[in-house]
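Biologist: Could you take me through this model and tell me what stands behind each label you use? I would like to see the reasoning as well as the result.

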Amino acid sequence: MIDSFVIPLLKVVIVLNATLVGVTYMVLLERKVIAWAQSRLGPMRVGPYGVLQPIADAVKLMLKEDITPTRADKWVFTAAPIISMVPALIVYAVIPFGDKVHLFGRDISLYITDINVGLLYIVSVASVGVYGIILAGYSSNSKFPLLASLRASAQLISYEVAVTLTLVSVIMMAGTLSMVGIVRAQEAGHVWFGFLQPFAFAIFFIGGLAETNRAPFDLPEAEQELTGGFHTEYSGMRFALFFLAEYANMIVVSSVATTLFLGGWLAPFSHWLPFLNIVPGWIWFLIKSFVFLYIFIWVRATLPRYRYDQLMNIGWKVLIPLAIINLVVTGIIKVLLH
Amino acid sequence: MAESIAFYTLAAFILGFAVLVVTTKDTVHSVLFLVLDFLFVAALYVLLGAQFLAAIQILVYAGGIVVLYLFVVMLVNLKRPAEEYHDPRRRTVLGVGLSVAVLAELGLIAYWSRGNAAPTLANAAATAIPVTGNTEQVGWLLYTSYLIPFEIASMLLLVAMIGAIVLAKREL
């Protein structure tokens, strides 16, 4: 009873809350890092060095008036933020934050579940998330959100192909779709897949930037062209949901990249440097994910935005052919080594 | 017991959403009900122990194909009322005829195959498949017993793809 019901439920509660807190503090981190990159201080007023800023933001967004445009499609307009938030959160069910730990006399695994199609589950849930953006643009009954949502969905669909193809080459290396199994395969091989699959790693990261609508691929939110993108007509908490979904997706991409390419909870070079195993696995996982999140912000502070046709060219004419070549080469090497 | 409750609940939702897909006036809403329908079908696959198929169902149908449907629906103006046929009764006759034909076919199949145990992946695996795991078994079957249908399906997709390119780019 406790093992099959209470512990999973507790894990779900902890992961959901940690994610939401993490997401709000990602916003603060982003503002701070971008401010430092531009020689500013960033938020400083609320709490020491602005550490309470996310709470102030949340309170402000909850108190703001929640406006629905008169001629909007009310049901779809209400459902769209929920549709974009839920897939971003349920993905955490299969992400392995660490190996087993011994707590209160029981072995507790640091993941909610390990299903045998874990990676496929992540990809398919992420593919449902795009509905939130499309429907938000459509139901607002306003031309800028509609244009932005068309852009966003075209972008998501094109980059999804490249990212999924790189995942196939990782699956070929690991021989399993289970997220835990992929980490175990890297543990058994004593080498992270990021070193064996550098092209897949690079394509996954670029595709991840595009799929989360982050700079330099943040065309769906290009303020200069589209006022605010697909969430122009949203206000208050519903706007906040879109905002949180974007950051939750960033954390998802970082965690998946960590699991697939940087050995998940494994300590770096633990085969040769065994003293690094003193640090618990979940801390390594958090450090590695944090590096990715920092790079996300760093890239945003550094690179200008791509033009839309350039974005499509990179997706279809560079990343997808590269991913296919990578897949074929991986297959050939795999057969030759067998 | 629990399994049949789950099955009938899911089946009720699937049928309910299917009815809503064809009766809703607003095309976008009807496409959304289609997505919900596909998600519940995926849940049915999970109930049958076919997790791989369920994930693919969501990825390909709910996530891929219906997004393209939405594109078409949003870009084409569907507010205009559909043009009526000259003979309004022709549609009814056709519809009823087709439904009766499909029902008769399903009934005949059910009648002939009564008594046969359903061929599940589990008992097929017990006899022939040397691999374990849902994905591995599907892959094994695709590349052994069903190799030719699999290749024919991929050829069909290739033909469709080339056709679409030829149609879209006339001055190749």
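Modeller: Gladly, and keep in mind that this is a predicted model. Helix α3 of chain B, residues 51-75, is a good place to start.

Biologist: How do you know that the span of α3(B) is close to the one expected?

Modeller: The helix has 25 residues, and at 1.5 Å a residue the expected span is 36 Å. From first C-alpha to last, α3(B) reaches 35 Å, so the two values are close.

Biologist: And what makes you speak of a bend in α3(B), and where is it?

Modeller: The bend is at Val66(B). Axes fitted to the seven residues ending there and the seven starting there are compared, and for α3(B) the angle is about 30°.

Biologist: What is the pattern of chain B along the sequence?

Modeller: It reads α-α-α-α-α-α-α, with seven helices and zero strands.

Biologist: What share of chain B counts as buried, and what makes a residue buried?

Modeller: A residue needs 20 or more other C-beta atoms within 10 Å of its own. Of the 172 residues of chain B, 14% meet that and count as buried.

Biologist: How do you know that chains A and B touch, and how many residues are in contact?

Modeller: The cut-off is 7 Å between C-beta atoms; by it, 17 residues of chain A are in contact with 16 residues of chain B. On the chain A side, α4 (118-139) and α5 (143-174) each supply at least two residues, and the largest share, 10 residues, comes from α4(A).

Biologist: Which classes of residue make up that side of chain A?

Modeller: It has 13 nonpolar, four polar and no charged residues.

Definitions and conventions. Residues numbered from 1 in each chain as written. Chains lettered and ligands numbered in written order. Predicted model: local features only at pLDDT ≥ 70, side-chain atom pairs only at ≥ 80, totals over all residues. Contact = placed C-beta atoms within 7 Å. Helix = DSSP H or I, 4+ residues; strand = E, 2+ residues; numbered from the N terminus. Nonpolar A, V, L, I, M, F, W, Y, C, P; charged D, E, K, R; others polar. Buried ≥ 20, exposed ≤ 12 C-beta atoms within 10 Å, placed from the backbone.
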